[in-house]
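Reader: I'd like to go over the contacts in this one. Can we keep it quick?

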Amino acid sequence: MSNVALSADEAAGSGSASRSILSRARSALLGRLVIIVPYLWLLIFFLVPFIIVFKISLSQTAIAMPPYVPALSLDDGIGGLFAQFGEMSFDNYVWLTEDALYFNAYISSIVIAGISTLLTLLVGYPIAYGMARAPSTLRPTLLMLVILPFWTSFLIRVYAWIGILKPEGLLNQFLQGIGVIDDPLLIMNTNTAIYIGIVYSYLPFMILPLYASLEKMDYSLIEAAQDLGCPPISAFWKITFPLSLPGVIAGCMLVFIPAVGEFVIPDLLGGSQTLMIGKTLWNEFFNNRDWPVSSAVAVILLLLLIVPIMIFQAAQARAQEQAR
Amino acid sequence: MNSGWSRFNVTSIVLGFAFLYLPIVLLIIFSFNESKLVTVWGGFSTKWYGSLFNNQGLMDAAWVTARVGVISATVATVLGTLAALTLTRYTRFHGRVLFSGMVFAPLVMPEVVTGLSLLLLFVAIGLDRGFLTVTLAHITFSMCFVAVVVQSRLVTFDRSLEEAAMDLGATPVKTFFQVTLPVIAPAIVSGWMLAFTLSLDDLVIASFASGPGATTLPMKIYSQVRLGVTPEINAACTLMIAVVAVGVIAASLVNKRREIQRQRDEQAAQQG
């Protein structure tokens, strides 16, 4: 079959009816394969795992391997399945509401991610603005320089800050050396260290969408405003900022969403008293080996992130439509 | 004077880049530190690189990471390119909304959630955790990044080129390999590199998906970092940075040369 198709391939161009039907059928099949292969892959390795997470979040903890009593398994047939509905429980979710630890972890994740996002915006905006107004010959190089740190390992970049921030670290040595402070600043293992870590790690995610929207802007608008007597600062707030809003939204979502579930930064830079939900999930899973509760933590984390993810998706879809 | 390249702009760029690069530069400098104390300079030395190569655990982890990276990036590039073709070419099929959701969601999914869900899948289907499961996990999340990169190139692709090829009798397959693929090749190459670095970089998902015997370099570094900062880790990090930097710079040079070549060809075509 495939040999026939191949030889038909060789003689392409003259066009006999039977061959065109054959090749059309083949291209339809190929077209379907193009869709089916990635579709199936994502179904199996992305969607099904989430259903399993949800299922296990409803099951009960057990001392076994795997350490849970399965809910909704088909081992006992349909009748067994119905019996299991009775055993299924929201106990893990009730447990999450009863223990203040989880509630506080969610709240503090959102607060820390929110503050870090604002800080990243404050740091990233002037850089993106400066890049957008740089001579156009310089812009590709600047862009490359922003992207380059993103290629180096996240873990390495967070690790680099430990040597800088710790009490006998480089920052304190420097500040004490020039005589600004007498006692070392205690930044390591505090929330401040987490803010620094998040701002540093996610800065390229903020700068790139901001730059994209600032670069497209028509700067004669600013000149017009200034010619008409508008002071630069109010020209910024009335013209530049509103026009860059799509970039601001995309950048903030790209920082906020992953920052909420961040594990490496709070674990390495934050203190033991710092609660963040990614770290709680990790501890629940690896230290307490409580798979059902960590699944429940994951489900709630996703529910929290659905709104920002949908904002982000809508913004992406809009940008895609405009690009067409 | 409204060039916009004002003192304020220059200052913010200089400070911004200092912030982005200083920590990495310091890390590299202190990998050449003679002293065992990471933050006290004790003279120049490359001894930590020597001890790095004698550290069997780190070397094994580096080898695992390299293999996982190459295999997962290659498979992810094929799957991601197919996904990008699906997203741009097939605008109407059943479950398209679900499909684009599944492509974009992993980009913003918290790593702990992705890692946990994949682990639970592997346990549910009875797959032993190890090399295979890490690779499968890395393929899954990096193919979505490849899809986005390739898709952004496909959106601006001039489809009349393909139509011309098909009108001249080329089959869809031939058209794809002879017309479409060469045009989107730079995007596919950067997609592969992105997938490879994502795999090289990943700690959280690998920690969930991996098992005994398949410890990746980030997992190894992480477990050592928790015990304290050592010059040896600085040396390992410096080497990882060097590998990635060489790759990225080489790729951008190749891209630039292709671009110049293409412009020349176009000019020649116009004159001829």
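Reader: How many residue pairs are in polar contact across the interface of chain A and chain B?
Author: The rule finds 10 pairs, both residues at pLDDT 80 or more. A polar contact is a pair of N or O atoms within 3.5 Å; within protein, one must be able to donate a hydrogen and the other to accept it, and residues adjacent in sequence count only if both atoms are side-chain atoms.

Reader: Which helix gives the largest share of chain A's side?
Author: Helix 2 of chain A, residues 17-57, with 22 residues. Helices are DSSP runs of H or I, at least four residues, and strands are runs of E, at least two, numbered from the N terminus.

Reader: And how do the residues on that side divide by class?
Author: The side of chain A that touches chain B has 64 nonpolar, 16 polar and eight charged residues. Ala, Val, Leu, Ile, Met, Phe, Trp, Tyr, Cys and Pro count as nonpolar, Asp, Glu, Lys and Arg as charged, and the others, Gly among them, as polar.

Reader: What are the ground rules here?
Author: This is a predicted model: local features need pLDDT of at least 70, side-chain atom pairs count only at pLDDT 80 or more, and totals for chains, interfaces and linings use all residues. Residues are numbered from 1 along each chain as its sequence is written, chains are lettered from A and ligands numbered from 1 in the order in which they are written, and side-chain values use heavy atoms, with hydrogens and water left out.

Reader: Which residues form the salt bridge between the chains?
Author: A:D267 and B:R226, with the closest N and O atoms 3.7 Å apart. The rule finds one salt bridge across this interface. The cut-off is a side-chain nitrogen of Lys or Arg within 4 Å of a carboxyl oxygen of Asp or Glu.

Reader: How much area do chain A and chain B bury?
Author: About 8100 Å² between them, 80% of it on carbon and sulfur atoms. Buried area is the accessible area (1.4 Å probe) that two parts lose on being put together, summed over both.

Reader: Which three residues of chain A supply the most?
Author: A:W41, A:W151 and A:Y159, with 10% of the area that chain A buries against chain B.

Reader: Switching topic. Where are the domains of chain A?
Author: Domain 1 is 2-87 and domain 2 is 91-323. The bounds come from an automatic or database domain assignment.

Reader: How many salt bridges between those two?
Author: Zero. The rule does find one residue pair in polar contact there.
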